[in-house]
Amino acid sequence: MKILLPYYDNSLDKIDMTIFLKDFASGGAEWFCKKLYNSYKNEIELFLLETEDVQSRSKKQEIIKKIKLKAEEVNADIMISNFSNGCITGASMMDIPIPIMYINHAVSPMMSSVVHQLSLKQNNHSVFLVNEYQKNYYDAYSKRLKQTLIDFDGYVEPSYVEGIKPKLQDNPEYDCITVGRCNPDTKKPYLLKSLLKNTNYKTLLMTNISNLKSNIKFDKMYQYYLKNKHWDNCLYDLSHTEVLNQMLNGKSYFMTCPVECFPITGLEALSRGLPLIINTVFESDGRPSKRVGYKEPSHGANCWALSKNHYVNINQNSSEELINAIENFKNIDRQEISDSIWETYTHKRWKSLLDNAIDKTIENFKNKSSLS
């Protein structure tokens, strides 16, 4: 089997294999691609795209042509992508003679996201999600837009625990930790610091700023950093391995972004014994917001924890509830959390889900195409 994997990274203008293989990823979608590549190395043909080209309307048709030619050149059996850009999921790609397996990592409010996913399904391709939080969102969104509900093909998990299970520290230094891109619109990592600014809690923040100063398109993020660089205990531009090691220094983990879908950092925190405190979009009466149809789960990270005792959803940006959660988690059995995660989220489980999704995508494409 040959898998074609188109890849780009919004944080970079250009990318090559040296950059791709580094122990760093700007986000969960990018990290998933690395794991996919490492797990199917002998079967994957990686097709690196430049971000500038992907975002340029004038070049999208050229990119689509290149992807189709590459699929033919390597005799690909399937194309897998978790990027929603139109050059991969748009109408002009729908006549590619191999099945597209699209893995949606997001909850996008754009109408185009629904249109793209419906188009994929109508053309015998597949659309997989990473959890039920997304399905609730897209079902509710489609109903409000009076669109046909998307017939999703199932779920895959975007990550698994890897490496050697670490020994937990008896007396971690930090009351709460967070990790996130230096983005004031989505991740908002400095929110942990600002919500606890009038307390004595010791917190650790990890984010990346190495590419912000030199690139004008990241100026907003750089200004966000400049406004917040005064906070203590902030670590910048760490490798993935270093981030995981630092997580062992914490007692709890704050997920600052309220609209994440199965965020990979949530799994990593749990694997280090950290219970999750999840910043969540609720209505004033405590119910989930209308855009997820008042259904549980309220956040993608709810789905990682194997016990409801290992996470808590707090009202968005509530200092009081964040403080209460930190206090309530002080004496939790962190070893129990870590053990349960390492026993469950194995590479074997992850790859089995992917293998089944790939088989289903290819089989459905062949069957439906033969009936067309």
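# Group meeting talk: helices, sheets and rings in a predicted model

At the start of helix α13, a side-chain oxygen of Asp333 comes to within 3.1 Å of the backbone nitrogen of Gln335. I should say at once that this is a predicted model, and everything I describe this morning is to be taken with that in mind.

Let me stay with α13 for a moment. This helix covers residues 334-344, and its buried residues are Arg334, Ile337, Ser338, Ser340, Ile341 and Trp342. When you look at that list, it helps to remember that an α-helix has 3.6 residues a turn, so residues three or four places apart point the same way. In the list you will find Arg334, Ile337, Ser338 and Ile341. As for what they meet, the buried residues of α13 pack against α11, which is residues 264-271.

Now to the sheets. One of them is an open sheet of five strands, in the order β2-β1-β3-β4-β5, and the pairing in it is parallel. Its edge strands are β2 (44-48) and β5 (126-128), each of which pairs on one side only, and from one strand to the next the twist averages 20°. If you follow the pairing of β1, residues 3-7, with β3, residues 78-81, you will find two bridges between these parallel strands, and Ile3 has Ile78 in β3 as its bridge partner. Helix α14, residues 347-371, packs on this sheet, where it touches β1, β3, β4 (100-103) and β5, and its direction makes about 135° with that of β4.

A second place to look at strands is β7, residues 203-207, where five of the five residues are buried. How are its two faces covered? On one side Thr203, Leu205 and Thr207 are buried, and on the other side Leu204 and Met206 are buried as well. The general background here is that in a regular strand the side chains alternate between the two faces of the sheet. Strand β7 also has partners: four bridges join it in parallel to β6, residues 176-179, with Ile177 standing opposite Leu204, while three bridges pair it, again in the parallel sense, with β8, residues 234-236. In that second pairing, Thr207 has Tyr236 in β8 as its bridge partner.

From the strands I would like to move to the interior. In soluble globular proteins, nonpolar side chains tend to be buried together. Here the largest nonpolar core has 87 residues, and those touching the most other members are Leu36, Met101, Ile103, Met247, Tyr253, Leu276 and Leu354. The element that gives the most to this core is α14, with five residues. Tyr253 makes a good example to select on the screen, since its contacts beyond four places in sequence include Cys176, Ile177, Val179, Met247, Ala269 and Leu276. There is also a second, separate core, made of 13 residues, and among them are Leu196, Phe254, Ile277 and Leu322.

Why does Asn249, in the loop between α10 (240-247) and β9 (253-255), count as buried? Its relative accessibility is 14%, and the cut-off for buried is under 20%, so Asn249 falls on the buried side. Setting aside neighbours within four places in sequence, Asn249 is in contact with Gln169, Pro172, Glu173, Tyr174 and Ile177. With Gln169 there is a polar contact from side chain to side chain, at 2.8 Å. The C-alpha atom of Asn249 is also 9.1 Å from that of Arg272, which is 23 residues away along the chain.

I will finish with the aromatic rings, of which the structure holds 14 pairs. The rings of Tyr8 and Phe83 have their centres 4.5 Å apart and their planes at 35°, and the pair is therefore tilted. Tyr8 sits in the loop between β1 and α1 (17-20), and Phe83 in the loop between β3 and α5 (86-89), so that the pair links parts of the chain 75 residues apart. Both Tyr8 and Phe83 are buried. Trp304 and Tyr345, by contrast, form an edge-to-face pair, with 5.0 Å from centre to centre and 85° between the planes. Because Trp304 lies in the loop between β10 (276-280) and β11 (311-315), and Tyr345 in the loop between α13 and α14, this pair ties together parts that are 41 residues apart in sequence. Trp304 and Tyr345 are both buried. Finally, Tyr8 and Phe83 also belong, with Tyr7, Phe20 and Tyr37, to one aromatic cluster.

Definitions and conventions
Residues numbered from 1 in each chain as written. Predicted model: local features only at pLDDT ≥ 70, side-chain atom pairs only at ≥ 80, totals over all residues. Heavy atoms only, no water. Buried < 20%, exposed > 50% of the residue type's maximum accessible area, 1.4 Å probe, protein only. Contact = heavy atoms within 4.5 Å. Polar contact = N/O pair within 3.5 Å; in protein donor to acceptor, adjacent residues only side chain to side chain. Pairing = 2+ DSSP bridges. Axes fitted to C-alpha atoms, helices over the stretch in contact; angles between N-to-C directions. Core = buried A, V, L, I, M, F, W, Y, C linked by side-chain atoms within 4.5 Å. Phe/Tyr/Trp six-rings, centres within 6.5 Å; stacked < 30°, edge-to-face > 60°.
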